[in-house]
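Work through these exercises with the structure open beside you. Try each task before you read its solution.

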Amino acid sequence: MKLLAFELATEACSVAVWIDGEVHERFEIAPRRHAELALPWADAMLAEAGIARAQLDAIAVGRGPGAFTGVRLAIAIGQGITLALDRPIFAVSTLAALALAAVPAGDDAQQEQRVLASIDARMGEVYVGAFRVHDGDATLIGREAVLTPDAVVLPDRDAGWLAAGTGFAAAAGALREHLAAQLARVDAEALPRAGDVARLAAKMSLRGEASAPERVEPAYLRNQVALTIAEQKALRAQKERN
């Protein structure tokens, strides 16, 4: 299987090519440069691998949650390529990609690991999702949500959860402090990567979970994804007063 993956939901820009289980990836923290970098990186990586776009079997995109612009861009790029090539697309949870990366390769071979993935959602909130990671796959427990750090509750009270993502650094580490007794290891600097999106898409392919391009939708989780002009002015005025 030959698959091209994009993960643009955070300040990190990441593109990966999956070729029969081997992953080639580019990753850079590049705020506001995703539109500039993503497609040129993809073309360069395909050229380096000696693969034409027409030889791709599928596209995978990180569907969020995350930054409004980045999530929309990844889906738009994925839809454009898949429609042009008449290929399937895999919409992968950005939080699931974070969860998968929290378990080093080989660590989940014998038993599943429980991972809480979280991304800073701004406005005093975090995106969160609890996952079981096993055999190179991440299975959501319950649902993904956007919450204030003190409202996050793990599915069980047992200690030993792994934690990954910028949500654990947001608000002066409020989420990390709130769940400290249940967390065994925390990586508050972890960012989602396209290589993990590709790995999860490969698992989805085995289960026949591809989507039609026109049916892929971003996972914003928050009903209000952007401030109105009036709200932006009010926020700026408040900052100036402070």
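Helices and strands here are DSSP runs, numbered from the N terminus; a helix has at least four residues and a strand at least two. The model is a predicted one.

**Exercise 1. Locate Thr10 and decide: buried or exposed?**

Step 1. Find the loop between strand S1 and strand S2 (12–19); Thr10 is there.
Step 2. Recall the cut-off: buried means under 20% relative accessible area.
Step 3. Thr10 has 7% relative accessibility, so it counts as buried.
Step 4. Look for partners beyond four places in sequence. Thr10 is in contact with His34, Ile119, Leu191 and Pro192.

**Exercise 2. Which way do the residues of strand S5 point?**

Step 1. In a regular strand, side chains alternate between the two faces of the sheet.
Step 2. Apply this to S5, residues 89–92. Ile89 and Ala91 point one way, and Phe90 and Val92 point the other way.
Step 3. Check burial. All of these residues are buried.

**Exercise 3. How do S4, H2 and S5 fit together?**

Step 1. Start with the strands. S4 (residues 58–62) and S5 run parallel, joined by four bridges.
Step 2. Pick out a facing pair: Gly62 is opposite Val92 of S5.
Step 3. Add helix H2, residues 68–85. With S4 and S5, H2 makes a right-handed β-α-β unit.
Step 4. Test the helix length. H2 has 18 residues, so at 1.5 Å a residue it should span 26 Å. Its end C-alpha atoms are 26 Å apart, which agrees.
Step 5. See what H2 packs against. Its buried residues include Val71, Ile75 and Leu85. The buried residues of H2 pack against S1 (2–7), helix H1 (34–49), S4 and S5.
Step 6. Look just past the helix. Asp86 follows H2, and its phi is positive, near 60 degrees.

**Exercise 4. How many aromatic pairs does a search of the whole structure find?**

Step 1. The search finds one pair.
Step 2. Name the rings. Phe68 and Tyr220 are stacked, 5.4 Å centre to centre, with 20 degrees between the planes.
Step 3. Place them in the chain. Phe68 is in H2, while Tyr220 is in the loop between helix H5 (194–206) and helix H6 (229–241). They are 152 residues apart, so the pair links distant parts of the chain.
Step 4. Check accessibility. Phe68, at 34%, counts as partly exposed. Tyr220, at 17%, counts as buried.

**Exercise 5. What lies over the face of Phe27?**

Step 1. Find the ring of Phe27. Arg193 lies over its face, at 3.9 Å from the ring centre.

Key. Residues numbered from 1 in each chain as written. Predicted model: local features only at pLDDT ≥ 70, side-chain atom pairs only at ≥ 80, totals over all residues. Heavy atoms only, no water. Buried < 20%, exposed > 50% of the residue type's maximum accessible area, 1.4 Å probe, protein only. Pairing = 2+ DSSP bridges. Right-handed = clockwise from strand over helix to strand, strands pointing away. Expected span 1.5 Å × (residues − 1). Contact = heavy atoms within 4.5 Å. Phe/Tyr/Trp six-rings, centres within 6.5 Å; stacked < 30°, edge-to-face > 60°. Lys NZ or Arg CZ within 6 Å of the ring centre and 35° of its normal.
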